[in-house]
Amino acid sequence: MAVNLSIKGVPQAIAERLRARAEANHRSLQGELMAIVWQAAAEPANAQAASLPAVAHAAAMLPGGAGLGGVKRGHKSIEQLAAEHLLRHPTPFAGTLPRAVDIIRADRDSR
């Protein structure tokens with residue numbers, strides 16, 4: 001059974017950052033908040049995080065905020081992720097195989 005959650009009294013600056021993050025990820029604000037909740041729920045419980053005051057722990061989870069240990073948590077664009085993926089997993093036949101659009105066009109032209 002689904003549960004509805006609400007957060008009251010969110011500072012305007014945080015709300016704007018969340019809206020910007022949602023737009024950057026091509027999501028609604030609701031969708032972005034759900035993604036953040038899923039990510040937080042998937043992370044294993046950290047004994048060090050449990051000992052932090054609730055406000056410090058919440059600040060560590062904010063997008064772009066300082067994570068535990070003072071490490072900044074950044075976000076990469078889809079283009080950066082794609083470039084890193086291609087570096088790690090180069091396609092052996094890149095440029096030698098026909099593109100799907102070319103196969104479809106050739107099939108249509110043959111009729």
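**Exercise 1. The two sides of helix 1**

Task: In this predicted model, find which exposed residues sit on the face of helix 1 turned away from its buried side, and state which residues of helix 1 are buried.

Solution.
Step 1. Gln12, Ala13, Glu23 and Ala24 are the exposed residues carried by the face of helix 1 that is turned away from its buried side.
Step 2. The buried residues of helix 1 are Ala15, Leu18, Arg21 and Ala22. Viewed down the helix axis, these buried residues fall within an arc of 125°, so they line one face of helix 1.
Step 3. Look for what covers the buried residues of helix 1: the cover includes helix 2, residues 29-42.

**Exercise 2. The length of helix 1**

Task: State how many residues helix 1 has and how its reach compares with the expected value.

Solution.
Step 1. Helix 1 runs over residues 12-24 and has 13 residues.
Step 2. From its first C-alpha to its last, helix 1 reaches 18 Å, close to the 18 Å expected at 1.5 Å a residue.

**Exercise 3. Histidine 26**

Task: Locate histidine 26, give the sign of its phi, and decide whether it is buried or exposed.

Solution.
Step 1. Histidine 26 follows helix 1 and lies in the loop between helix 1 and helix 2.
Step 2. Its phi is near 55°, which is positive although the residue is not glycine. Most residues other than glycine have a negative phi.
Step 3. The relative accessibility of histidine 26 is 75%. Exposed means over 50%, so histidine 26 counts as exposed.

**Exercise 4. Glutamate 32**

Task: Name the helix that holds glutamate 32, decide whether this residue is buried or exposed, and list its contacts beyond four places in sequence.

Solution.
Step 1. Glutamate 32 is found in helix 2.
Step 2. Its relative accessibility is 0%. Buried means under 20%, so glutamate 32 counts as buried.
Step 3. With neighbours within four places in sequence left aside, glutamate 32 is in contact with Leu18, Arg21, Ala22, Asn25 and Arg27. Leu18, Arg21 and Ala22 are also among the buried residues of helix 1.

**Exercise 5. The second largest pocket**

Task: Describe the volume of the second largest pocket, its lining and the elements that contribute to it.

Solution.
Step 1. The volume of the second largest pocket is about 280 Å³.
Step 2. Its lining includes Arg21, Ala24, His26 and Glu32, along with residues further on in the sequence, among them His75, Ile78 and Leu81.
Step 3. Helix 1 and helix 5 (78-88) are the elements that give two or more residues to this lining. Helix 5 gives the most, with three residues.
Step 4. Sorted by type, the lining has three nonpolar, four polar and five charged residues.

**Exercise 6. The whole chain**

Task: State how many helices and strands the chain has and what share of its residues counts as buried.

Solution.
Step 1. The chain has six helices and zero strands, in the pattern α-α-α-α-α-α along the sequence.
Step 2. Of its 111 residues, 9% count as buried.

Definitions and conventions:
Residues numbered from 1 in each chain as written. Predicted model: local features only at pLDDT ≥ 70, side-chain atom pairs only at ≥ 80, totals over all residues. Heavy atoms only, no water. Helix = DSSP H or I, 4+ residues; strand = E, 2+ residues; numbered from the N terminus. Expected span 1.5 Å × (residues − 1). Buried < 20%, exposed > 50% of the residue type's maximum accessible area, 1.4 Å probe, protein only. Arc of directions from axis to C-beta. Contact = heavy atoms within 4.5 Å. 1 Å grid on protein atoms, 1.4 Å probe; cavity = no way out; pocket = protein on both sides within 12 Å on 5 of 7 lines; lining within 4 Å. Points joined across faces, edges and corners; volume = space filled by probe spheres on them. Nonpolar A, V, L, I, M, F, W, Y, C, P; charged D, E, K, R; others polar.
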